[in-house]
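Got your viewer open? Let's take a walk through this structure, one selection at a time.

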Amino acid sequence: MANAPTPGGISKILANPSPDSASDVPQVVLQVLDLKATGNRYMFTAADGDMKLKSILPSNLTSEVISGNIQNLGLIRVLDYSLNDIPNKPEKYLIVTKCEVVSSALEKEVKFEVKKEEADIVLKPKQELDDKSAVNTGSGILLKPKQELVAKSAAQIVHEQSTNMAPSARMSMTRRVHPLVYLNPYQGDWTIKVRVTDKGNLRTYKNAQGEGCVFNVVLTDEDGTQIQATMFNEAARKFYEKFSLGKVYYVSRGTLKVANKKFKTVQNDYEMTLNVNSQVDEVTNEAAFVPETKFNFVKIDMLGPHVNGRDLVDVIGVVQSVSPTMSIRRKINNETAPKRDVTIADETKKTVVVSLWNDLATTVGQELLDIADQSPIIALKYLRVGDFQGVSLSTISRSSILINPDIKEAHQLRSWYDSEGKAISMASVSSGMSPSSKSGSRSMYTDRVSLSHILQNKSLGEEKPMFFSIRAYVSFIKPDQTMWYRACKTCNKKVTDAIGSGYWCESCQKNDEECSLRYIMVVRVSDASCEAWLSTFNAEAERIVGCTAEELDGLKSQIGEEASYQLKLKEATWVPHLFRVSVSQNEYNNEKRQRITVRSVAPVDFAAESRFLLEEIAKMKAS
């Protein structure tokens with residue numbers, strides 16, 4: 001029937017819960033019902049017009065739902081699947097790992113009327129027997145005499161077939177290889193075929209339960225999906241030498257659990273644990289595969305929230321400049337390491353510096369230097385986001401770089417750069433970011449909170465200063481406050497009038513004929529939740545007011561120009577800013593009070609702010 005589910009399709013799937021190959025998969029068309037998102041996957045009810053089965057579309061098919069190809073009430077042809085048990089229930093659920101769309105949404109759910117008919121059941125022999133020794137009983141049944149046969153069990157047959165095979169070949173013959181993308185904690189028996197793309201060191205640890213050792217590897221399958229596998233103690237010692245970087249293995253008898261977001265380094269909802277009973281066999285005498293490199297690109301202007309985080313990021317950009325190789329001495333071991341800085345840009349019109357270390361600096365870095373005048377596109381995977389000069393990127397041991405990759409994002413970036421990008425001025429993503437990690441400075445998008453969060457938590461900053469980011473308007477600047485102090489031009493410390501003339505700096509222990517004025521003032525800021533007073537110093541106050549303290553003092557001291565002074569302060573109000581602030585506790589008249597100090601300030605980049613808010617909304621939906 002065209003544009004209709006396959007009658008009895010679910011029964012066919014239940015009868016073949018784990019097809020060994022694509023040819024064993026029954027040709028079944030099912031209707032999608034009750035389609036809904038669950039995390040990064042989609043759940044639905046598969047229906048064949050008679051029976052229904054709870055089903056899952058794994059994350060690799062999410063794009064098909066988002067694009068509208070797979071629709072609720074639509075039809076799909078199942079090309080590959082597995083059946084898993086639902087914990088503590090007799091039911092099963094279907095994981096559709098590969099499918100094709102047969103029809104968009106139908107008007108309603110398809111239901112077949114099943115007619116029960118009586119039928120004569122006729123049993124026929126598979127082939128006509130022409131055996132004189134057969135005995136006819138008169139009832140249509142032929143009885144053959146017993147033949148001399150050597151009985152063999154299924155186990156003996158399989159053993160005979162696989163006696164001379166390597167362990168990996170036997171595993172390939174007797175087990176179905178599962179893609180990593182749909183492994184989950186509820187699957188009992190699975191086998192994966194993966195390449196070791198990263199191998200950690202064997203580390204020792206000590207806790208309340210005693211001492212032990214641990215190491216982990218990153219496993220990548222043919223589709224480019226990755227998962228981190230961890231081994232402890234005996235398992236770590238057993239498999240540390242077994243796993244070799246770059247080799248391909250069959251792995252089975254491991255367990256999965258939800259990945260700890262604080263410590264995961266690969267894009268996978270789950271992490272794997274291998275124990276001493278797990279099975280790991282190297283793949284030999286088989287065609288090896290090269291895992292497809294999958295990227296999860298972050299736009300350059302959205303790197304701020306990742307500063308000093310545990311997550312590694314992927315970026316793509318047009319090379320703007322490449323520095324010569326430098327030798328950097330490491331503080332940890334006092335050894336030198338080669339380093340090369342590459343500046344890249346993307347469609348956000350922002351640039352960022354990527355530091356290439358060790359072999360990447362001398363190999364890929366030299367290649368980029370040779371073709372830098374061609375503005376190549378580079379895609380970089382697994383970069384650490386630091387706060388050097390605001391925002392910076394660095395490679396690590398498992399980082400990889402592709403030059404002019406043949407991927408959609410690279411073609412789009414090339415088209416943009418050739419048509420308009422190379423003719424416009426690019427700004428560093430660090431503009432608007434604090435320049436140092438000292439005193440807690442980080443991205444303007446890190447630890448974003450409202451003013452009410454700070455004011456309502458009176459204990460914030462009791463033991464040590466705490467740092468937050470806020471977006472707020474400067475609502476009022478008191479014109480009659482002491483807005484600046486006289487400072488030494490050498491050290492910026494406060495100076496006093498010297499005996500006779502000039503100014504005395506206690507810090508420098510010297511007189512100077514001149515001094516400078518530096519801001520020290522408070523401003524009131526407001527956001528959607530409440531308002532608060534913030535202390536600001538010279539650099540931050542200059543950005544808020546829009547002029548130096550000496551220029552503002554000039555306006556104030558001019559006779560009859562008080563209106564200009566007041567107007568300058570008024571112009572600085574009701575302008576939105578991004579603030580990085582510290583919260584500490586000060587004691588005044590034996591009473592502890594919160595002190596909120598501006599550590600950095602930047603104008604609002606509304607495009608970046610919108611992307612940040614959309615990302616926050618997505619996180620809220622996911623949770």
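Before we click on anything, one term: a salt bridge here is a side-chain nitrogen of Lys or Arg within 4 Å of a carboxyl oxygen of Asp or Glu. Also keep in mind that you're looking at a predicted model.

**Stop 1: R524 and E531.** Select these two and show their side chains. R524 forms a salt bridge with E531, and their closest N and O atoms are 3.7 Å apart. That fits the definition, because the cut-off is 4 Å. Are these two residues buried or exposed, or something in between? R524 is partly exposed, with a relative accessible area of 23%, and E531 is partly exposed too, at 42%. As background, side chains of opposite charge can pair when their charged atoms come close.

**Stop 2: the whole chain.** Zoom out and switch to a cartoon view. The protein chain has 13 helices and 31 strands. Of its 623 residues, 42% are buried. Now turn on the surface: the chain exposes about 35800 Å², and carbon and sulfur atoms supply 50% of that. If you look at contacts with a separation of 6 or more, 63% of them are between residues 24 or more positions apart.

**Stop 3: more salt bridges.** How many salt bridges does the structure hold? There are 20. Select R611 and D301 for another one: their side chains meet with N to O at 2.0 Å. This pair links distant parts of the chain, 310 residues apart. R611 belongs to helix α13 (residues 606-622), while D301 is in the loop between β15 (279-282) and β16 (313-322). Compare how covered the partners are: R611 is partly exposed at 32% relative accessibility, whereas D301 has a relative accessible area of 5% and is buried.

Next, pick K339 and D341. Their side chains meet in a salt bridge as well, at 3.9 Å from N to O. Here K339 counts as buried because its relative accessibility is 15% and the cut-off for buried is under 20%.

For a group, select R448, R471 and E609 together. These residues are linked in a network of salt bridges.

**Stop 4: strand β8.** Select residues 191-199 to light up strand β8. How many of its nine residues are buried? Seven are, so the strand is mostly covered, with buried meaning under 20% relative accessible area.

Now add β8's partners. Strand β12 (residues 248-252) pairs with β8 in the antiparallel sense, over five bridges. Find I192 and look across to β12, where V251 stands opposite. Then add strand β10 (residues 210-220), which also pairs with β8 in the antiparallel sense, over four bridges. Which residue of β10 faces D198? V218 stands opposite D198. While you're zoomed in on strands, here's a handy rule: in a regular strand the side chains alternate between the two faces of the sheet.

**Stop 5: I95.** Finish in strand β5 (residues 92-103), where you'll find I95. I95 counts as buried, because its relative accessibility is 2%. What does I95 touch, leaving aside residues up to four places away in sequence? Show I56, P58, D80, Y81, S82, N84, Y182 and N184, and you have its contacts. Last, draw a distance line between the C-alpha atoms of I95 and M43: they are separated by 9.4 Å, although the residues are 52 apart along the chain.

Technical notes:
Residues numbered from 1 in each chain as written. Predicted model: local features only at pLDDT ≥ 70, side-chain atom pairs only at ≥ 80, totals over all residues. Heavy atoms only, no water. Buried < 20%, exposed > 50% of the residue type's maximum accessible area, 1.4 Å probe, protein only. Helix = DSSP H or I, 4+ residues; strand = E, 2+ residues; numbered from the N terminus. Pairing = 2+ DSSP bridges. Contact = heavy atoms within 4.5 Å. Areas by Shrake-Rupley, 256 points an atom, 1.4 Å probe, with all protein chains shown as cover.
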